[in-house]
Amino acid sequence: MSLRAPPSSTSSSCSLFPLCPGLHSASRARLPLSVAFPTRIVRCSLLQDQVSVNGGAGSRVSDRNELRLGLPSKGRMADDTLDLLKDCQLSVRKVNPRQYVADIPQLSNLEVWFQRPKDIVRKLLSGDLDLGIVGLDIVSEYGQVTFDILIRFDILKCTVLLTVTQIPKYGIFENINSMDELARMPQWTAEKPLRVATGFTYLGPKFMREKGLKHVVFSTADGALEAAPAMGIADAILDLVSSGTTLRENNLKEIEGGVVLESQTVLVASKKSLVHRKGLLDTTHEIIERLEAHLRAVGQFTVVANMRGNSPDEVAERVLSQPSLAGLQGPTVSPVFCKRDGEVVVDYYAIVICVPKKELYKSVQQLRAIGGSGVLVSPLTYIFDEETPRWQELLGKLGL
């Protein structure tokens, strides 16, 4: 791929920190890259699979005794991560809001360090952190050659952000609606390449090369990228998109085939630390179990109702005749004992089922229709499986 800087620009033959594969920058809802000055041009040497940060890709295991978890220091991802941990009964205790270190009382010997997302990835690779929660886009951008060094777990699949190519709706791009059409435009030559503003200086060139664009130059800056085409600084931008509102308000459009990456929040662990640092494997096990069990329970409700019947089997048959009352594996039916005329008798049976939120009211209606009464509804905090699938996956990756 022939990536050239315009003659008037300062060029940088970057040794950028390709650090570790797979995350999403929740600390910035959009990866701010921009039109602010100074702008630097990134040449195609960025495509080299080299790592030169904190001593390279070979992470070390230091002599410290405490375990370290890196969390985003600010932004929406930081808030969402703290809320998630709190919901898992793993609240982060930060005595002074200006401090960058905290702890989680439920996890002994674990320090929480608040860092920029890209620094979390770098410090995982250097051995200064053992675990981190970041975005898949950040791991992919800064850790692209370290599949053997870091291990990733997807934990927030609901917050998917797209790293996409965006172009103006007007001018020469008015009828351009796909990456193929963009690549075939005759305007892009060695003397006048397509100018792309982006913060993804590894993923961007790699993606454009794969899409067949030969004449491209990339610029990065600090600020709102959406303004770059209108200011004449760039022809297109490659940025992180959530709802697309900012995109549309700046007369930009996504194009078909322009999605570089679907990003989400992930938990990342240093493979060397997991193997060699005492206590880390047990702590990681607990974090994974709590996260998985809580995320499985999100949107699920426990529904309890009393129902008259002659036997548990007869009541269970009635409940299972309704499509919304099957629960996870089936309803739990147990006798409700009461005392009448000095004798303990069973007139009612208690039905317990797990119901998704979207089916909740329908399920309550069906329960009442077959004789249910005294219906109680409560949200679930955890749903634990017999064993956590991702824990088994982790042990397999570690060869344990």
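Phe 173 is buried in this predicted model, its relative accessible area coming to just 5%. Trp 188 is buried too, at 9%.

These two residues turn up again in a search for aromatic pairs, which gives two hits across the whole structure. In one of them, the ring centres of Phe 173 and Trp 188 sit 6.1 Å apart with 20 degrees between the planes, so this pair is stacked, the angle being under the 30-degree cut-off. As for where the partners come from, Phe 173 belongs to the loop that runs between strand E7 (150-168) and helix H4 (179-184), while Trp 188 is in the loop between H4 and strand E8 (194-198), so the contact ties together parts that are 15 residues apart in sequence.

The other pair, Tyr 382 with Phe 384, is tilted, with 5.0 Å from centre to centre and planes at 35 degrees. Here the burial picture changes: Tyr 382 is partly exposed at 22% relative accessibility, and Phe 384 is likewise partly exposed, at 48%.

Aromatic rings also meet charge. Lys 94 lies over the face of Phe 114, 4.2 Å from the ring centre.

Then there are the nonpolar cores. The largest has 38 residues, and the members touching the most others are Leu 69, Leu 71, Ile 104, Val 112, Val 121 and Val 134. A second core, separate from that one, holds 22 residues. Trp 188, already met as the stacking partner of Phe 173, is among its members, along with Met 179, Val 196 and Tyr 202. Such grouping fits a broader pattern: in soluble globular proteins, nonpolar side chains tend to be buried together.

How values were computed
Residues are numbered from 1 along each chain as its sequence is written. This is a predicted model: local features need pLDDT of at least 70, side-chain atom pairs count only at pLDDT 80 or more; totals for chains, interfaces and linings use all residues. Side-chain values use heavy atoms; hydrogens and water are left out. A nonpolar core is a set of buried Ala, Val, Leu, Ile, Met, Phe, Trp, Tyr and Cys residues joined through side-chain atoms within 4.5 Å. Buried means under 20% relative accessible area, exposed over 50%, partly exposed in between (1.4 Å probe, protein chains only). Rings of Phe, Tyr and Trp (its six-membered ring) pair if their centres lie within 6.5 Å; planes under 30 degrees apart count as stacked, over 60 as edge-to-face and the rest as tilted. Helices (H or I, at least four residues) and strands (E, at least two) are DSSP runs, numbered from the N terminus. A charge sits over a ring if NZ of Lys or CZ of Arg is within 6 Å of the ring centre and within 35 degrees of the ring normal.
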